[in-house]
Structure formats: C-alpha cells, structure tokens
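Visitor: I have a few minutes before my next spin. Can you walk me through this one?
Guide: Sure, let's look.

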Amino acid sequence: MEISTREKTLQIVSRYVIITLSISIMTIGVYFFKFPNNFVFGGVTGGAALVAKLTPLSASAFSSGANILLLILGWIFLGRDFAISTGWATVVMTAELALFEKYVPLSGPLSNQPMLDLVFAIALPAIASALLFNVGASSGGTDVVALILKKYTHMKNTGEALFITDLAMVLAACFVFDLYTALYSFVGLTVKSLVVDAVLEQMKMCKAILIICDDKDPICDFVMRKLVRGATYTPCYGAYTDRPHYMIYTTLTHREALQLQAFIHKENLNAFISMLSTTEVFGKGFNHA
C-alpha cells in the first residue's frame, strides 16, 4: 500500500521533532554534567572538554568546527539523508551549547558528588544517542566515525564501534586531567557504550506473532490495510480436534502488536495468539533493524 504525501510529511516532521528533543536531552547532559567535571567519554564533546582546558578556544567553537568536518565524511560514506538529519542535530546542539554558555554560565560542577554527576553525564547523552541512531541520525562528531566503522567492518553492535572510536579520547584525558577524572571518564565510556546498545535493543524490539484462527480474512485485512504490514498464512489442523484452521505469521512493532491484539479481542475472533520478542528483523518495512 502506498504511503500518502500527508503521511510522508508527518513522518518527516515526527523524525525531526525526535531529533530536536534528543539533542536537547544530550545538550543538558553534556553542558551541566559532563563539561563542569571534565568527563571525557570521547566524541567531539570530549575533545571540546580537552581543548577548553588546554586552549582559549571555547567548547562550542571547537564542537562547531569539528562537527562540520565529520559531517562531510558522513555525507560521503553514510548518505545524503543521514548527513542532512545529522547536520540539523549538529546545528541545534551547537546553538544550545552557545546559549547555555551565554545565559547559564557555570563556574564548577552542579554538585559535590562526582558519581551523581557521572550518572547523568552518562545516561542523558546515551539515551539521546540511541534515539538518534534509531531514526537514522546522530549527534555528529565521532558518532559519524563509529557508524562508518560499523558499516564497513560489519560490527554487530553500535556500542562496540563507539567504544573503539572514543577510547583514544579517554586515554588523552589521562595526560590532561587528574587520574580520578581519567578513571571516571573510562567508566563513563564503558557504561555509555553498554547503555546505547541496551536502549537500541529495546527500541528495535519487535513481536513475531503466530495466530491460529478459524477465519483468516479479518485478521489479514487488519494487518495489511490498517497496520500496513505483511502476513503469511497456511491451512493447518488442530491435533486434538482434527478440525481445520488457519495459521497466520506476521512481525510487528510492539505498538502494532498491541493494536492487533485489541482488534482480535474487540471483534471476538476465535483465535489463539503467541508473541515472541525479537530484535533481529530484516527486510521491507524493517530495514532499520
């Protein structure tokens, strides 16, 4: 079924709203928790913390220049759509960092609890990164390098690519900051990589659904016309009654699976449903998986 122009427009708007909100979450984590504590988990923001410590150049100025260079690499190796969406994310993050520096200047950490700051410095950017990766974008910077590395080396996990890409930045922190900061940074990078993978796994979670029913038509019509998904069916027989039935197989997102379940209950269809969680889904409609 063809997607209408209105639906395509809504999808694009929704995607950029998610990108903007994700970047705002990341900027809060970076500016209020990462920069004041000199945490260096890698990335351009990690490099910005190093540069701001060693040179008169501000973190936002360094981030802007480095992101432009890496964005060009993203356009070449990852495609036009990725580059445009990542470019928007980069612009939003650079603008928000500049606004924070101007209107909410910080003279030091928000709290005297480095571990508490570390939790927020890890969690907020990691969740935001996962949201961006899920919609085919990134925050720019070394995330671009990690995605290129993953694509061309066929690495399975995004977190692994991020860890390898950003490790050098963390090692540099050992020579610029004190040992405790370097250790916090290494822990932060490790946990960030794990959190990104964990959040992505949950966001990519789909339901492989097996349905045994007497009437296949209403269920197949709902899946194809309402949910715009495919389904496969085959005749089968119940082992106990030896009565003929239909077996339908389909793969849906979690939200779509709930819609299908509600439809079957609402229509009082005689059906047995089994759902299995899965993340490794490939093919038309699931190319992001």
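Visitor: Start with rings. Which residues form one aromatic cluster with Phe-100?
Guide: Tyr-31 and Phe-32 join Phe-100 in one aromatic cluster. Rings of Phe, Tyr and Trp (its six-membered ring) pair if their centres lie within 6.5 Å; planes under 30 degrees apart count as stacked, over 60 as edge-to-face and the rest as tilted.

Visitor: Before we go on, what kind of model is this?
Guide: A predicted model: local features need pLDDT of at least 70, side-chain atom pairs count only at pLDDT 80 or more, and totals for chains, interfaces and linings use all residues. Residues are numbered from 1 along each chain as its sequence is written, and side-chain values use heavy atoms, with hydrogens and water left out.

Visitor: Back to rings. How many aromatic pairs are there in the whole structure?
Guide: A search of the whole structure gives eight aromatic pairs. One of them is Tyr-31 with Phe-32, edge-to-face, at 5.1 Å centre to centre and 85° between the planes.

Visitor: Are Tyr-31 and Phe-32 buried or exposed?
Guide: Both are buried. Buried means under 20% relative accessible area, exposed over 50%, partly exposed in between (1.4 Å probe, protein chains only).

Visitor: Give me another pair. How do Phe-163 and Phe-186 meet?
Guide: Phe-163 and Phe-186 pair edge-to-face, with 6.3 Å centre to centre and 75° between the planes. Phe-163 is in helix H7 (residues 158-176) and Phe-186 in helix H8 (residues 179-203), so this pair ties together parts that are 23 residues apart in sequence. Helices (H or I, at least four residues) and strands (E, at least two) are DSSP runs, numbered from the N terminus.

Visitor: Why does Phe-163 count as partly exposed?
Guide: Because its relative accessibility is 25%. Phe-186 is partly exposed too, with a relative accessible area of 40%.

Visitor: Tell me more about Tyr-31. Where is its place?
Guide: Tyr-31 belongs to helix H1. Its relative accessibility is 6%, so Tyr-31 counts as buried.

Visitor: What is Tyr-31 in contact with?
Guide: Leaving aside neighbours within four places in sequence, Tyr-31 meets Pro-36, Leu-97, Phe-100, Glu-101, Val-104, Pro-105 and Leu-106. Contact means heavy atoms within 4.5 Å.

Visitor: Any other residue in H1 to look at?
Guide: Try Ser-22, also found in helix H1 (residues 5-34). At 1% relative accessibility, Ser-22 is buried. Not counting residues up to four places away in sequence, Ser-22 touches Ala-128, Leu-131 and Leu-132.

Visitor: And Leu-73, which helix is that?
Guide: Helix H3 (residues 59-78). Leu-73 is partly exposed, at 34% relative accessibility. Residues up to four places away aside, Leu-73 touches Leu-78, Val-144 and Ile-148.

Visitor: Switch to charges. Which ring does the charged end of Lys-216 sit over?
Guide: The ring of Tyr-233, at 4.5 Å from its centre. Lys-216 also lies over the face of Tyr-246, 5.7 Å from that ring centre. A charge sits over a ring if NZ of Lys or CZ of Arg is within 6 Å of the ring centre and within 35 degrees of the ring normal.

Visitor: Backbone next. Which residue has a positive phi of about 60°?
Guide: Asp-242, although it is not a glycine. Asp-242 sits in the loop between strand S2 (232-237) and strand S3 (244-253). At 56% relative accessibility, Asp-242 is exposed.
Guide: Asn-268 also has a positive phi, near 55°, and is a residue other than glycine. Its loop runs between helix H10 (254-266) and strand S4 (271-278). Asn-268 is exposed, with a relative accessible area of 68%.

Visitor: Zoom out. How many helices and strands are in the chain?
Guide: Ten helices and four strands. From the N terminus on, the order is α-α-α-α-α-α-α-α-β-α-β-β-α-β.

Visitor: What does the C-alpha trace span?
Guide: About 80 × 40 × 35 Å along its principal axes. One distance inside that: the C-alpha atoms of Tyr-31 and Asp-217 are separated by 55 Å, and the two residues are 186 apart along the chain.

Visitor: Last one. What share of the chain is buried?
Guide: Buried residues make up 42% of the 289 residues. Among contacts between residues at least 6 apart in sequence, 73% join residues at least 24 apart.
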